[in-house]
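This report covers charge placement, overall dimensions and one strand with its partners. The sequence and the structure come first.

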Amino acid sequence: MKRYSQLIAFTLLWLVCMYYSAWYAENPDTFQYLSIAQKYASGNISLAINGYWSPLISWLIAPFLLTGLHPILSFKLIQFLLAVYGLHCWNRLVTLCISEKLYASWLKWMAVPFMLSFSLLNLTPDLLFLVCMLQLLRLAMKADWLMSFDSVIKTALTGALLFFSKAFGFPFFIAFVLVLAVRGRRMKKSAHLFRNYFFSTGLFLMVSLIWILPLSLRYGRPTISRSVSFNLSREVAPLPGRTVQLPVLSGGLIAPSGEQSASAWESPGDAIPVHTMHPLQSADDAKYYTGVLNRNLLTIWYYDFRNQAGLFFLLSIAGLLVSRRRKELMSDEKLFIPLLVVVLVYGGYSLILVHTRYVWICTLLMLLLIFRIAGILFPHTVHSVWMRILLGVVLLLAVKRPVKEIFFIQDKDIPLQWIWKAVRNPLTTLDIMYRPDRQLHEISLEMKAKNIRGTAIASGRVDEFPRDSYTAALYLSYCSGNRYFGQTTFDSGTSTETDPLGIQYYISFSKDKTQAGWIPVIWDEKYPCTVFKRDNEKGE
């Protein structure tokens, strides 16, 4: 029973949190993956091939959609299974790297709140990417890595899964294997091992063609993704001091790119023209790109290092570098390989676009490295009271983020009064925080009951609603079987914006229950929004 105590505890906590947060899905990306999964499930393979969204998570969701399970619940069930396997991979990795049983136990249990937050609140392929990354690390740290045909096959397939999870997995795997190949050569490892590095890479490239070929055929040129050019456009890439204002999500009404697309966000670069930067060709682009790099590095610093556990990681690395055992940073694979992943992930994403969910793996690996370096620098006092207190503080500092996310939706400054209420009444806090999502689900069911489906829907923009109004309206539109055209410039369904696109229904999150030219069809004081139908008799 003790062997499965972590799994049992995680499952029970997940079920409790799932009861309250089952309908939470506050990311427009979620509905694009679900829309693509629906295309796979219905057999529209050619329409499902999309260069902006990697395919693996949609492949996993599609069979669940065939059972009739609600799309959001299907996604969350996949996330639960991934989190369970992720915990397994993390536990194996910790066992490989940390010999002290007490600290290994701390690190294993520390992953529980992270996996809860990742699986329940982030319906994107980032958890899938994290799990594939942990699996690759497990393989790379084994003593017989790439010394057998079986190891070569597993490494290549894991690399391909990384790529199928997120496009970033392609350059990451190439760089990861290349660095380890060069390191193995310099350390004079066997020629057999060095040769197998390249066998594994070749097999990875062959398997990756499963996705690269159809993608390249669709866009008429070789490509592994369209998202890089979109994210590196002036319209998307933010500068320091500016928030991300994605043009499709904030640029007025835009028609979806296809009849079966959930919204224009499904193919954002096709829906609107963007100007991709070419910093190596244009001095002006180079100057702008320098600002983008600065902004990405500041994002990493603010979220993972400033007043965070990452600061202790930097101190640990600095301490090791000035100690007599600094050579172990290169010679010890259980130090070098996790550090290599941290550098590649931070370095790679800083070149394009950084979101906190993109670099989850770094937080976990930095904690792992802190504990391993502590054992190297202080072998005789690693179990002393002061060391336990210090490492305990580091873990608490790291864990506060996922705990705050679970109870308060995001890692933000929370009034002490709220925190005290969450400690005293955690279930009541969860009930209050996720009430808007249950309301949205109820509205979507009512839209289905009133046969509002297969039509064009738009919404107004408003800041008072506790969820992003674009995503909330997309939620209602997708879950009721409609196509979402985005937000009007103002919170009103003006005919000049809606008429040219044939908008038949309009969702307003304002307190005003009237809209000129529109008839309310779903309204209730308990609901956060009103659904209007076009008054075709009167017009506006």
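In this predicted model, the protein carries 53 positive and 35 negative charges, and the mean positions of the two sets lie 13 Å apart. The exposed area of the protein is about 24300 Å², of which carbon and sulfur atoms supply 62%.

Turning to the fold, the protein contains 24 helices and five strands. The radius of gyration is 25 Å, close to the 24 Å that the globule rule gives for 540 residues, so the protein is as compact as a globular protein of that length. The C-alpha trace spans about 85 × 60 × 50 Å along its principal axes. Of the 540 residues, 56% count as buried. Among contacts with a separation of 6 or more, 72% are between residues 24 or more positions apart.

Strand 1 covers residues 456-459. Ala 456 and Ala 458 point one way from strand 1, while Ile 457 and Ser 459 point the other way. These four residues are buried on either side of the strand. Strand 1 pairs with strand 2 in the parallel sense, and strand 3 also runs parallel to strand 1. The table lists both pairings with one opposed residue pair for each.

| Partner of strand 1 | Residues | Bridges | Opposed residues |
|---|---|---|---|
| Strand 2 | 483-487 | three | Ser 459 and Gln 487 |
| Strand 3 | 505-508 | three | Ala 458 and Tyr 506 |

Ser 459, which stands opposite Gln 487 in strand 2, is buried. Ala 458, which stands opposite Tyr 506 in strand 3, is likewise buried.

Terms used: Residues are numbered from 1 along each chain as its sequence is written. This is a predicted model: local features need pLDDT of at least 70, side-chain atom pairs count only at pLDDT 80 or more; totals for chains, interfaces and linings use all residues. Side-chain values use heavy atoms; hydrogens and water are left out. Buried means under 20% relative accessible area, exposed over 50%, partly exposed in between (1.4 Å probe, protein chains only). Helices (H or I, at least four residues) and strands (E, at least two) are DSSP runs, numbered from the N terminus. Two strands pair if DSSP finds at least two bridges between them. The radius of gyration is taken over C-alpha atoms; the globule rule is 2.2 Å times the number of residues to the power 0.38. Contact means heavy atoms within 4.5 Å. Accessible areas come from the Shrake-Rupley method with a 1.4 Å probe; for residues, only the protein chains shown count as cover. Lys and Arg count as positive and Asp and Glu as negative; His and the chain ends are not counted. The place of a charge is taken as NZ of Lys, CZ of Arg, CG of Asp or CD of Glu.
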